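The exercises below are meant to be worked with the sequence and the structure side by side. Please try each task before reading its solution.

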Amino acid sequence: LETNLLAADKSRAPGDFENAGRLGLPFAGGIEDADKRARSLNSEIANGRLAMMAITGMLFQDGLTGSAWGDWSLYVDSPLRAF
């Protein structure tokens, strides 16, 4: 795919392939309006950052409590526990 269909073009932005449209589907229609495209790309970046923070929080919680799913009964000495 990277050598034929999704070949990098130095005149285009990174990840902006000539033959790939929205969601990276080959030959699918992309976003033609520049403002809407910029808004969609910024939303995708923001959601990616939010997902990275969520995963970081789950890893921290897993390291702190031994469970990434919020089982605080395994960690009774937490200063964050009210009861």
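**Exercise 1.** Decide whether M58 is buried, partly exposed or exposed in this predicted model.

*Solution.* The relative accessible area of M58 is 26%. A residue counts as buried under 20% and as exposed over 50%, with partly exposed in between, and therefore M58 is partly exposed.

**Exercise 2.** Find the element that holds M58, and describe its length and what comes after it.

*Solution.* Begin with the location: M58 lies in helix α1, which runs over residues 34-65 and has 32 residues. Next, take the span from the first C-alpha of α1 to its last, which reaches 46 Å and is close to the 46 Å expected at 1.5 Å a residue. Finally, look just past the helix, where α1 is followed by G66, a residue whose phi is positive, near 90 degrees.

**Exercise 3.** How far apart are M58 and W69, in sequence and in space?

*Solution.* Along the sequence, M58 and W69 are 11 residues apart, while their C-alpha atoms are 7.6 Å apart in space.

**Exercise 4.** Describe the chain as a whole, starting from its helices and strands.

*Solution.* The chain has 1 helix and 0 strands. Of its 83 residues, 10% count as buried, and the chain exposes about 7,200 Å², of which carbon and sulfur atoms supply 59%. Among the contacts with a separation of 6 or more, residues 24 or more positions apart account for 0%.

Note on methods:
Residues numbered from 1 in each chain as written. Predicted model: local features only at pLDDT ≥ 70, side-chain atom pairs only at ≥ 80, totals over all residues. Heavy atoms only, no water. Helix = DSSP H or I, 4+ residues; strand = E, 2+ residues; numbered from the N terminus. Buried < 20%, exposed > 50% of the residue type's maximum accessible area, 1.4 Å probe, protein only. Contact = heavy atoms within 4.5 Å. Areas by Shrake-Rupley, 256 points an atom, 1.4 Å probe, with all protein chains shown as cover. Expected span 1.5 Å × (residues − 1).
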